[in-house]
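Trainee: Got a minute? I'd like to walk through this structure with you.
Mentor: Sure, pull it up.

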Amino acid sequence: MTASSSLADLLHAAVTAVGGSERPGQVTMAEAIAEAIDDNAHLLVQAGTGTGKSLGYLVPALAHGERVVVATATLALQRQLVERDLPRTVDALHPLLRRRPQFAMLKGRSNYLCLHRLHEGVPQEEEEGLFDPFEAATPSSKLGKDLLRLRDWSDETETGDRDDLTPGVSDRAWSQVSVTSRECLGASKCAYGAECFAEAARERAKLADVVVTNHALLAIDAIEGAPVLPSHEVLIVDEAHELVSRVTGVATGELTPGQVNRAVRRAAKLVDEKAADALQTAAESFERLMELALPGRLEEIPEDLGYALMALRDASRTVISAIGDTRDRSVQDEDAVRKQALAAVESIHGVAERIVEGSEYDVVWYERHDRFGASLRVAPLSVSGLLREKLFNERSVVLTSATLKIGGDFNGVGASLGLAPEGIEGDDLPQWKGVDVGSPFDYPKQGILYVAKHLSQPGREGSRSDMLDELAELMEAAGGRTLGLFSSMRAAKAAAEELRGRLDLPILLQGEETLGELIRTFAADARTCLFGTLSLWQGVDVPGVNCQLVVMDRVPFPRPDDPLMSARQKAVEEAGGNGFMAVAATHAALLMAQGAGRLVRASGDRGVVAVLDPRLATARYGSFLRATMPDFWYTTDRNQARRSLAAIDAAAKAAEK
């Protein structure tokens, strides 16, 4: 930081540039982060909605002068940082810092248009015929139109970033013009290497002072060993409550019959008949077993599955060696065909070998999907050791979110990240501290937390007619303006179908339109209500009078038959801890805090969060869950909730007139 410009001066300049006003929590946050960066220390910062979190970490990061990586969970925040917050902040700080920090966005390779794929076509399997998808897709079909638009876009885009294409295209169309990192030929071997969009993004990142990326790429960087991100001195993880689930997702392996069969087809033309037949036979055995697979955890691998996986592993290994040893000039665009086949077979070999080896730190289970059939999955029991080793090593790490204190302290989230309780010393333990900078909102005056204590306790099955009656009355009192957060898609659908017949209010349902379109429609009309599940608990930002009732149908515990969650719960219990509180209750608390955070998004917002599950009031864990939610005024009086909603509705209508 320059001697002439204090952190306060820099923050003031940045806040003024974005048209905001300074908040005490934002100042506290910026000061704590600056101190952590200077001391090369680790910090967890809980910053409530409205704090101005982005500037709270960008200003001290830019002032420090070393390279910073900012990792976020959502595309929306990545775009906000790169398109709005960083340009304005850099402009504002330039006169004070006497330098102009550079910034860049970096994503995984498959997010960028691949010019080789675009111009040379996709290597296809023999049965499907070797063809150019641009020729085969009729111009009048949806796929054909998407591909023609992608070809036109390739001439004008500067980034090749899928998210810069508006409107977007289907996943199927995008897969025709993109590659994974495993399928990429490499810039030195590719005829289009000099123009490659993904390579250009990497080069920009190497030159930038601030690199904005996502949790998934951060996880790949940590897990795969080969660095994807440029070297950096400071890591800031925003939306940090999402990090563990994103890292778990990257570390999860999957095998499906379709995936194995595709790999067989891709490899068959590149290896001798014996190697191809062995892989084909192993694939058929695996497919027969998967037809009989029942969903659930496999605490031990059944003997027949073990044999099938060993056959897959061994046949894959043979094919991988054979692909490396042969050249077939008859195959068109052989390098690309070879690379795609290798990527497919290596993926199968890796997952099969991982499951066969049977680490005590992995959880294996079958899943069955109505549309895609059965899959075999393997995931780490915990990613805390990985995060402790890879995340908090040789750099200062700042993790921030509106919800990091679970049940009143940071230790629950800290443990999931591999951190010992705050203040515990040890040679191998990263030292950290937690800071809660509060929120600028007056939660007790702006919102009510109403728990419907009189309702029957939700069971696993069966209709909850009393819950639907209560929901209908609350929605009528609010005049619409309702965001309904449901613990399952089935529950959301059932409620929407029932209440559309009862109430004269438009009810939108997640899945009936794109999420962005649903949220825009909901935000545009006060009477409109929106029902949905997981992504709505965290992804809706509708300040103002059009979202004044947030309803949760039940405490969102993980399903009792969720293989990974139940395995984690069991592991905590075997170690002498309280598995329910450490896993199920912590999971529910994070979601409820995020869900309740949808209500108050601005200083003028008023409303009610209604939880239609009496356990929040009656169960022993209820106080733990409530301690994680915003500090709303609390009541179990149904009449009070309805009166408050009616008054808020009347005030909103009067203001509109």
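Mentor: We'll go through a sheet, the cysteines, a cavity, a strand and a loop residue. Keep in mind that this is a predicted model.

Trainee: Okay, the sheet with strand 14 in it. What order do its strands come in?
Mentor: The order is 14-15-13-16-17-12-18. That makes seven strands in an open sheet, with parallel pairing.

Trainee: Which ones are the edge strands?
Mentor: Strand 14 (507-509) and strand 18 (633-635). Each pairs on one side only.

Trainee: And how much are neighbouring strands turned against each other?
Mentor: By 15° on average, ignoring direction.

Trainee: Zoom in on strand 13. How many bridges join it to strand 15?
Mentor: Three, between residues 482-485 and residues 529-532, running parallel. Look at Leu485, for instance: Gly532 in strand 15 is opposite.

Trainee: Which strands does helix 19 touch?
Mentor: Helix 19 (residues 465-478) packs on the sheet and touches strands 12, 13, 14, 15, 16 and 17. Its direction makes about 170° with that of strand 16.

Trainee: What about helix 20?
Mentor: Helix 20 covers residues 489-502 and also packs on this sheet. It touches strand 14 and strand 15. The angle between its direction and that of strand 14 is about 155°.

Trainee: New topic. How many disulfides are there?
Mentor: Zero. A disulfide is a covalent bond between the sulfur atoms of two cysteines.

Trainee: Why is Cys184 not in one?
Mentor: Because the closest cysteine sulfur, in Cys196, is 6.1 Å away, and that is too far for a bond. The cut-off here is 2.5 Å between sulfurs.

Trainee: And Cys190, what's its nearest cysteine sulfur?
Mentor: That of Cys114, 6.0 Å away. Cys190 is in no disulfide either.

Trainee: Are those two cysteines buried or exposed?
Mentor: Cys184 counts as buried, at 16% relative accessibility. Cys190 is buried too, at 18%. The limit for buried is under 20%.

Trainee: Now cavities. How many are there of 30 Å³ or more?
Mentor: One. The largest cavity holds about 260 Å³ of space.

Trainee: What lines it?
Mentor: The largest cavity has 22 lining residues. Cys114, His116, Val179, Cys184 and Leu185 lie nearest its centre. You've met Cys184 already: its sulfur was 6.1 Å from that of Cys196.

Trainee: Which elements give two or more residues to that lining?
Mentor: Helix 5 (115-120) and helix 15 (334-357).

Trainee: Let's switch to strand 4. How many of its residues are buried?
Mentor: Five of its five, residues 210-214.

Trainee: Which residues sit on which side?
Mentor: Val210, Val212 and Asn214 are on one side, with Val211 and Thr213 on the other. Both faces are covered. In a regular strand the side chains alternate between the two faces of the sheet.

Trainee: Which strands pair with strand 4?
Mentor: Strand 2 (residues 68-72) pairs with strand 4 over five bridges. Strand 3 (residues 103-105) does so over three. Both pairings are parallel.

Trainee: What stands opposite Val210?
Mentor: Val68, and also Phe103.

Trainee: Last one. Where is Thr256?
Mentor: In the loop between strand 6 (253-255) and helix 12 (257-268). Thr256 is buried, with a relative accessible area of 18%.

Trainee: What does Thr256 contact, leaving aside its neighbours within four places in sequence?
Mentor: Phe286, Ala374 and Ser375.

Methods. Residues numbered from 1 in each chain as written. Predicted model: local features only at pLDDT ≥ 70, side-chain atom pairs only at ≥ 80, totals over all residues. Heavy atoms only, no water. Pairing = 2+ DSSP bridges. Helix = DSSP H or I, 4+ residues; strand = E, 2+ residues; numbered from the N terminus. Axes fitted to C-alpha atoms, helices over the stretch in contact; angles between N-to-C directions. Contact = heavy atoms within 4.5 Å. Buried < 20%, exposed > 50% of the residue type's maximum accessible area, 1.4 Å probe, protein only. 1 Å grid on protein atoms, 1.4 Å probe; cavity = no way out; pocket = protein on both sides within 12 Å on 5 of 7 lines; lining within 4 Å. Points joined across faces, edges and corners; volume = space filled by probe spheres on them.
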